[in-house]
Each structure stands twice: as C-alpha cells, then as structure tokens.
Amino acid sequence: MISILLATYNWPQALKLCLESLATQTDQNFEIIIADDGSTESTKQVIESFSSSYPAAIKHLWQEDQGFRKTKILNQAINAAHGDYLVFLDGDCIVQPDFVARHRELAQKGFLVTGSRILLNENLTQELLTWSQWSFQKFSSGLLGKRLSGGINKYWPLKIKLGNGSWRDYKKFVWRRIKGCNMACWKEDAEAINGFDETMTGWGHEDADFVFRLQHHGITRKSGSWSTEVLHLFHKINDQSNAAENARRVREKILAKAL
C-alpha cells in the first residue's frame, strides 16, 4: 500500500481542494496521513468533514505551532505510515486523477522519485478556491488558454505522460528540481537514514538534505517529470530567513561525503 504524507499548515481552503483531488484517484489503494505543523481549528474541521465518507483512510497528526518544524511532523508521519511506499505531498497542491497510479508505476526498489509541479498564478488560484468541488475535467477545459494567459506555467506535461525508463535516473546528486511537495521513497529507506533532519528548522532545503542522504545511502534518484505533476497553488513566499543557513549545512554534508 502507498501512504501519502500530506504536509499542511493553516490553509484549509487549499487542503480541501487537495483532499478532493485525492478522492478522485484512479488508484485508490492508499492511505493519507496529514502532517500538520500547528494549524488552527479550521483545518481540523476540514479534515473531520472528509473523514466519514472519504474513500481512503485519513489520519491527522498535529503538533504545536512553534515555527516551521515540517521535518519533525513528517518524521512522525513516516513512523505512523502503514504503507511500505511513501509519497510526500503538500496541502497547497492539487493532484491529477492518475497521480497515485503514476507514482506506483515509477516505484522501484533501490530508487526514490522526485516529482515536479505546475505553478498556478494568483488569479487562477483564487478562482479555484471559490469552487464548491474540485473537478479536473473542469480545470482541463481551456487548458491552452490558461497557459497563454499565464494561469499555468506548463502545458505539455498535462497533455503528455511518459512511462518509466532508465532515462529518468540521475547518475549523481543534483540539487535542482527537488520539490518536497512531490516526492516518494520506500519507508524502509526513509527509516534507514532516520528520516528528515529535525535540526533543520525554518523554510528551505530540508527536502534536498533528505534526498542527498538517501542517495548517499545508495538509493538512486529518479525523475518523476512528465508523469506525476501536481498543480501548485499560488501563495506568498514563506519566511526564508533560515534558507541560507540550511543550504550551507546541506553543502557541508555534500563536501564531507566527497572527501
């Protein structure tokens, strides 16, 4: 079974769209573990509104809001997962109906997958947040117009899906295109490296650190582009005051392993 580890923080409207998109999956053999970094009661209410009739099991993990501590709550989610394969997703992302199926297709022992995203602009994001119910079919109508108007930053990855193959494999660690909002690995591999580095607090590069340590552990990184794209809702940039320090720490680890 696949466990979707869904990170969220105080954006219940976006989380609602995300959960609605997961409910429409062609592959329903998964559970959802919501890794909540200290959201208020409104997020809990959204989750509870889905729990009784939702097609997949939902577990809500919550920790007190003491600043950005995504690494800590994700490690709790990894520990709570019943699935042997973990898909990491953020609550400000909407998934296509074949999202789980595509990740299952790419899943391979000894590999991790870094998926990609399609950025939505502010106007389109605000429009989607007014919808009473998510519909990928409705979203897909006029897709080219959305691209030409700047509503989305990519068009063809939504129209063309490519299968598995060695061309997806990275030969070495590459920092680019690592997005914690869409990546996957085997639970046993995440546990072997003790999950995320909980000393990395504040926004920035905890996902790159996680991928680097998995690769150093002998896991091969595979690209999930042209297969697993998520729709990333527009939002203001998070506080990046810790980003430079987190990046420095990752670089130190890379240099230390290279010596």
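**Rings, charges and a pocket**

Lysine 109 lies over the face of tryptophan 186, 4.1 Å from the ring centre. That's one of the ring contacts in this predicted model, which has eleven aromatic pairs in total. Below are some of those contacts, plus a look at the second largest pocket.

**Aromatic pairs**

- Phenylalanine 88 and phenylalanine 196 pair up edge-to-face, with 5.6 Å centre to centre and 80° between the planes.
- That pair ties together distant parts of the chain, 108 residues apart: phenylalanine 88 belongs to strand S4 (residues 85-90), while phenylalanine 196 sits in the loop between helix H9 (187-192) and helix H10 (206-216).
- Both ends are tucked away: phenylalanine 88 is buried at 2% relative accessible area, and phenylalanine 196 is buried at 4%.
- Tyrosine 155 and tryptophan 156 have ring centres 4.9 Å apart and planes at 75°, so this pair is edge-to-face too.
- Here the partners part ways on exposure: tyrosine 155 is buried, with 16% relative accessible area, whereas tryptophan 156 is exposed, with 52%.

**A cluster and another lysine**

- Trp131, Trp134, Phe136 and Phe139 make up one aromatic cluster.
- Phenylalanine 139 also has lysine 146 over its face, at 5.4 Å from the ring centre.

**The second largest pocket**

- The second largest pocket comes in at about 150 Å³.
- It is lined by 13 residues, and the closest to its centre are Ser116, Arg117, Lys154, Arg177 and Lys179.
- By type, the lining splits into two nonpolar, six polar and five charged residues.
- Strand S7 (117-119) and strand S9 (220-223) each chip in at least two lining residues.

Terms used. Residues numbered from 1 in each chain as written. Predicted model: local features only at pLDDT ≥ 70, side-chain atom pairs only at ≥ 80, totals over all residues. Heavy atoms only, no water. 1 Å grid on protein atoms, 1.4 Å probe; cavity = no way out; pocket = protein on both sides within 12 Å on 5 of 7 lines; lining within 4 Å. Points joined across faces, edges and corners; volume = space filled by probe spheres on them. Helix = DSSP H or I, 4+ residues; strand = E, 2+ residues; numbered from the N terminus. Nonpolar A, V, L, I, M, F, W, Y, C, P; charged D, E, K, R; others polar. Phe/Tyr/Trp six-rings, centres within 6.5 Å; stacked < 30°, edge-to-face > 60°. Buried < 20%, exposed > 50% of the residue type's maximum accessible area, 1.4 Å probe, protein only. Lys NZ or Arg CZ within 6 Å of the ring centre and 35° of its normal.
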